[in-house]
Amino acid sequence: MSITLEQIKKLREMSGAGLTDAKSALEVAGGDVEKAFDELRKRGVAKLEKRADKAAEAGYIGTYLHNGQVIGVVVLNCETDFVAKLDAFRDLAKELAMQIVSQAPVYINIENVPVEVKEREMALAKEKLDGKPEEIQQKIIEGNLQKFYEQTVLMEQVWIKDESKKIKDIFNEVAGKIGEKMEIKEIYRTTI
């Protein structure tokens, strides 16, 4: 079966994949663009792990203005300007900005939470544990810390449009679809 340029172009627009990857996926899928897209998504997750050391220097600034008063901004970076122009990439930036306005995260990832903040949250949890067995105390502390992360860490928050997913889930879905390293550089939430 011969793969046409139109099929390759359509798949590249959907996925942001390179020419060779798009053609290869179409060959595996027998020319079916939707199946080829799924094939690229499967490959994308594995590929992202290999690209972890790449620099994400291209990007897009997603904004969301709510009732003219609160603005959320996210600086979302990727490896190439080609991906930075994709609708899927820009839509993700806008979704993240809306999440920032709605849920007011303070940190991007758990790794960004300062040690002293984590220690303070653990100390607050310990104050409520008098008389409980040691193994239960540790589980309660971990549970309280996880609740803190879900409130203050963007990637750990429940997505406002689908409570069955966390922000890290939708971020990873788009990254897998695009097949390129992406990272959130900055988040802002302010009132105008």
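**Exercise 1. Describe the hairpin of S1 and S2 in this predicted model, including the residue in it that takes a positive phi.**

Step 1. In this model, which is predicted, the hairpin of S1 and S2 has three residues between its strands, and Asn67 takes a positive phi near 50° there.

Step 2. The strands themselves, S1 at residues 58–66 and S2 at residues 70–78, pair in the antiparallel sense over nine bridges.

Step 3. One pair of facing residues can be named as a check on this arrangement, for Ala58 stands opposite Cys78 in S2.

**Exercise 2. Work out how S3 and S4 are joined and in which sense they pair.**

Step 1. Strand S3 covers residues 158–159 and strand S4 covers residues 162–166, and the two pair in the antiparallel sense over two bridges.

Step 2. The connection from S3 to S4 is a hairpin through two residues.

Step 3. Val158 is found opposite Lys166 in S4.

**Exercise 3. Place these elements in the whole chain, and say where confidence is lowest and where it is highest.**

Step 1. The protein chain holds eight helices and five strands, and reading along the sequence gives the pattern α-α-α-β-β-α-α-α-α-β-β-α-β.

Step 2. Of the contacts in the chain with a separation of 6 or more, 60% are between residues 24 or more positions apart, while buried residues make up 41% of the 192 residues.

Step 3. The average pLDDT of the chain is 84, and 90% of the residues score at least 70.

Step 4. Confidence is lowest in helix H3, residues 33–50, with a mean of 69, and highest in S3, at 94. Where pLDDT is low, the predicted coordinates should not be read in detail.

**Exercise 4. Identify the residues with the most contacts inside the largest nonpolar core, and the elements that supply at least two residues of this core.**

Step 1. The largest nonpolar core has 27 residues, and those with the most contacts inside it are Val74, Leu76, Phe89, Leu92, Leu96, Met182 and Ile184.

Step 2. At least two residues of this core come from each of S1, S2, helix H4 (81–84), helix H5 (87–103), helix H8 (167–178) and strand S5 (182–191).

Step 3. Apart from the core just described there is a second, separate one of 11 residues, which includes Ala22, Ala25, Leu26 and Ala36. In soluble globular proteins, nonpolar side chains tend to be buried together.

Step 4. Phe89 can serve as an example from the largest core: leaving aside neighbours within four places in sequence, Phe89 is in contact with residues including Gly59, Tyr60, Leu76, Val83, Ile178 and Met182.

**Exercise 5. Follow H5 along its span, name what its buried residues pack against, and describe the residue that comes after the helix.**

Step 1. H5 has 17 residues and reaches 24 Å from its first C-alpha to its last, close to the 24 Å expected at 1.5 Å a residue.

Step 2. Among the buried residues of H5 are Ala88, Phe89, Leu92, Leu96 and Ile100, and the buried residues of this helix pack against S1, S2, H4, S3, H8 and S5.

Step 3. H5 is followed by Ala104, which lies in the loop between H5 and H6 and has a positive phi of about 50° although it is not a glycine. Most residues other than glycine have a negative phi.

Step 4. Ala104 counts as partly exposed, because its relative accessibility of 34% falls between the cut-offs of 20% and 50%.

**Exercise 6. Explain why the buried residues of H6 lie on the same side of the helix, and find what covers them.**

Step 1. Helix H6, residues 115–126, has 12 residues and reaches 16 Å from its first C-alpha to its last, close to the 16 Å expected at 1.5 Å a residue.

Step 2. Val117, Glu121 and Ala125 are buried in H6; they lie on the same side of the helix because they cover an arc of only 80° around its axis.

Step 3. The face turned away from this buried side carries the exposed residues Val115, Glu116 and Glu119, whereas what covers the buried residues includes helix H7 (134–152).

Step 4. Ala125, in helix H6, is buried because its relative accessible area of 3% is under 20%. Not counting residues up to four places away in sequence, Ala125 touches Ile141 and Asn144, and its C-alpha atom is separated by 7.5 Å from that of Ile140, 15 residues apart along the chain.

Key
Residues are numbered from 1 along each chain as its sequence is written. Side-chain values use heavy atoms; hydrogens and water are left out. Two strands pair if DSSP finds at least two bridges between them. Helices (H or I, at least four residues) and strands (E, at least two) are DSSP runs, numbered from the N terminus. A nonpolar core is a set of buried Ala, Val, Leu, Ile, Met, Phe, Trp, Tyr and Cys residues joined through side-chain atoms within 4.5 Å. Buried means under 20% relative accessible area, exposed over 50%, partly exposed in between (1.4 Å probe, protein chains only). Contact means heavy atoms within 4.5 Å. The expected span of a helix is 1.5 Å times one less than its number of residues. The arc is that of the directions from the helix axis to the C-beta atoms. pLDDT is the predictor's confidence in each residue, from 0 to 100.
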